[in-house]
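Here are my notes on the model you sent over. Have the viewer open while you go through them.

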2 protein chains.
Amino acid sequence: MTESKAVGRDPEAVSKFVESFAAQLVEAGMQRMPARVFAALLSSDEGSMTSAELGEQLQISPAAVSGAVRYLTMTHMVSREREPGSRRERYRVHGDQWYEALTNREAILKRWEGALREGVSSLGAETPAGRRMAETLAFFEFVEGEVAAMMERWRVHRRQVFGDG
Amino acid sequence: MTESKAVGRDPEAVSKFVESFAAQLVEAGMQRMPARVFAALLSSDEGSMTSAELGEQLQISPAAVSGAVRYLTMTHMVSREREPGSRRERYRVHGDQWYEALTNREAILKRWEGALREGVSSLGAETPAGRRMAETLAFFEFVEGEVAAMMERWRVHRRQVFGDG
DNA sequence: CGCTTCTTTCAGAAATTTGTGAAGTTAAGG
DNA sequence: CCTTAACTTCACAAATTTCTGAAAGAAGCG
């Protein structure tokens, strides 16, 4: 207490959430730093933070921030913006954009499908193994189509519940 | 060549597929050994292999097989069966069961939801950050319901295309 | 029961990954 | 232009993960 400016919310509570949510992301396969940076952005009121702010809250070096942000922007979970008239950069989580990116493991699906197609033809479409792989392939193709439809339904649902926010 | 029994298929082609498919799984976050073991099982005609067979094809120790199989059974991607009257164990991929397990990241979703709920209440449902997290939470809840319905549609679709196999 | 075959556990060597400090790069502002 | 603030890249030390050999643990079969 008696610390500089009124923050309006308990930094410790924020940090606790950030770390616990990041831990879940890590467990699901995300690297530690991207996970922590992402969780921090998600729990910021503005939905965006500068490199320095991230470094301070998470106690990590500028290099670590840079690496994490590079990953997050590549996967479209975070976007970067320049503050006009400043060398300072802001990293932003786009509210609804990021989980769309999450479901957009489409690239991964595509590669799986490619590998499976190769498997079917190299092992022989008439062999038991080939048939099993053809079915697996069909499943992924099915999922791919369904996900698009699902996201459309989500947008409708979202509008009903949250408005056009 | 001039090797023991007729294998009926090119071991090198099989191995090539196994490694390339395993590589995709690794890239998507699976550990190397589970990925390789799984790919090997998937491309076997019987849909099952013994520990020794796996060790030989993948050139790994029994310990590595054991560890990989433990992971795969825990995640329900593979099941184990005892060959009757033998200490030998067979590991089997259940054709249609395994990708259902894949979509069953339900446990993960549940934990994310738990963490988000905590975030909403600890940061305050009325704060911008709290609202953002509430929306994210709603998304995951939505997805959870949709996935179940999607799998049901898949089973119908599958029956039409592949029969009751 | 004891022998044998298969599987699991465990400690540690080897490889990989991670995060840092420091140097390098870019661009704003005088 | 030169200075300086900010971000990025890079080499390396530290931490973590991964896989193995060896020993221990089950379970069929004589």
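The points below cover the pairing of the chains, the helix packing and the DNA surfaces.

1. A caveat to start with: this is a predicted model. Please read everything below with that in mind.

2. Let's take the symmetry first. Chain B can be laid on chain A by a rotation of 180°, with 0.0 Å of shift along the axis and an RMSD of 0.1 Å. That is how a two-fold axis relates two copies. If you want a spot to look down the axis, try B:Gly29: among the residues of chain B, B:Gly29 is closest to it, with its C-alpha at 2.8 Å. The two copies also use the same surface, since 100% of the contact residues of chain B turn up again in chain A.

3. Now the interface between the two chains. How many residues of chain B are in contact with chain A? The count is 40, and they meet 40 residues of chain A. On the chain B side, helix H1 (11-27), H6 and H7 each bring at least two residues. H7(B) has the largest share there, with 15 residues. Sorted by class, this side of chain B has 21 nonpolar, 12 polar and 7 charged residues.

4. H6 and H7 of chain B also pack on each other. Helix H6 spans residues 106-123 and helix H7 spans residues 128-162; their axes come within 9 Å and cross at roughly 155°. H6(B) is therefore roughly antiparallel to H7(B). As for handedness, the crossing of H6(B) and H7(B) is left-handed. From H6(B), the contact residues include B:Leu109, B:Trp112, B:Leu116 and B:Val120, while H7(B) offers, among others, B:Met133, B:Leu137 and B:Phe140. Charged residues take part as well, including B:Glu113 and B:Arg117 of H6(B) and B:Glu141 and B:Glu144 of H7(B). In total, the H6(B)-H7(B) contact has 10 nonpolar, 3 polar and 5 charged residues.

5. Chain A has a helix pair with another geometry to look at. H2(A) and H4(A) have axes 8 Å apart and pack at an angle of about 85°, so these two helices are roughly perpendicular to each other. H2(A) puts A:Met33, A:Pro34, A:Val37 and A:Phe38 into the contact. Facing them from H4(A) are residues including A:Val65, A:Ala68, A:Tyr71 and A:Leu72. Which classes make up this contact? There are 10 nonpolar residues, 1 polar and no charged ones.

6. On to DNA strand C. There are 21 residues around this strand, and those coming nearest are A:Ala63, A:Ala64, B:Ser51, B:Ala63 and B:Glu89. At least two residues each come from helix H2 (32-42) and helix H4 (62-74) of chain A, and from helix H3 (51-58) and helix H4 (62-74) of chain B. H4(B) gives the most, with 5 residues. The split for this surface is 8 nonpolar, 7 polar and 6 charged.

7. DNA strand D has 22 residues around it, and A:Ser51, A:Ala63, A:Ser66, B:Ala63 and B:Ala64 are the closest. For strand D, H3 (51-58) and H4 come from chain A, while H2 (32-42) and H4 come from chain B, each with at least two residues. Which helix supplies the largest share of the surface near DNA strand D? H4(A) does, with 6 residues. By class, the surface near strand D has 8 nonpolar, 8 polar and 6 charged residues.

Methods. Residues are numbered from 1 along each chain as its sequence is written. Chains are lettered from A and ligands numbered from 1 in the order in which they are written. This is a predicted model: local features need pLDDT of at least 70, side-chain atom pairs count only at pLDDT 80 or more; totals for chains, interfaces and linings use all residues. A residue is near a molecule or strand if its C-beta atom, placed from the backbone, lies within 6 Å of it. Helices (H or I, at least four residues) and strands (E, at least two) are DSSP runs, numbered from the N terminus. Copies are superposed by least squares on the C-alpha atoms of residues with pLDDT of at least 70 in both. Two residues are in contact if their C-beta atoms, placed from the backbone, lie within 7 Å. Axes are lines fitted to C-alpha atoms, for helices over the stretch in contact, and angles run from 0 to 180 degrees between N-to-C directions. Angles under 35 degrees count as roughly parallel, over 145 as roughly antiparallel, 65 to 115 as roughly perpendicular and the rest as oblique. A crossing is left-handed if the near helix is turned anticlockwise from the far one by less than a right angle, and right-handed if clockwise.
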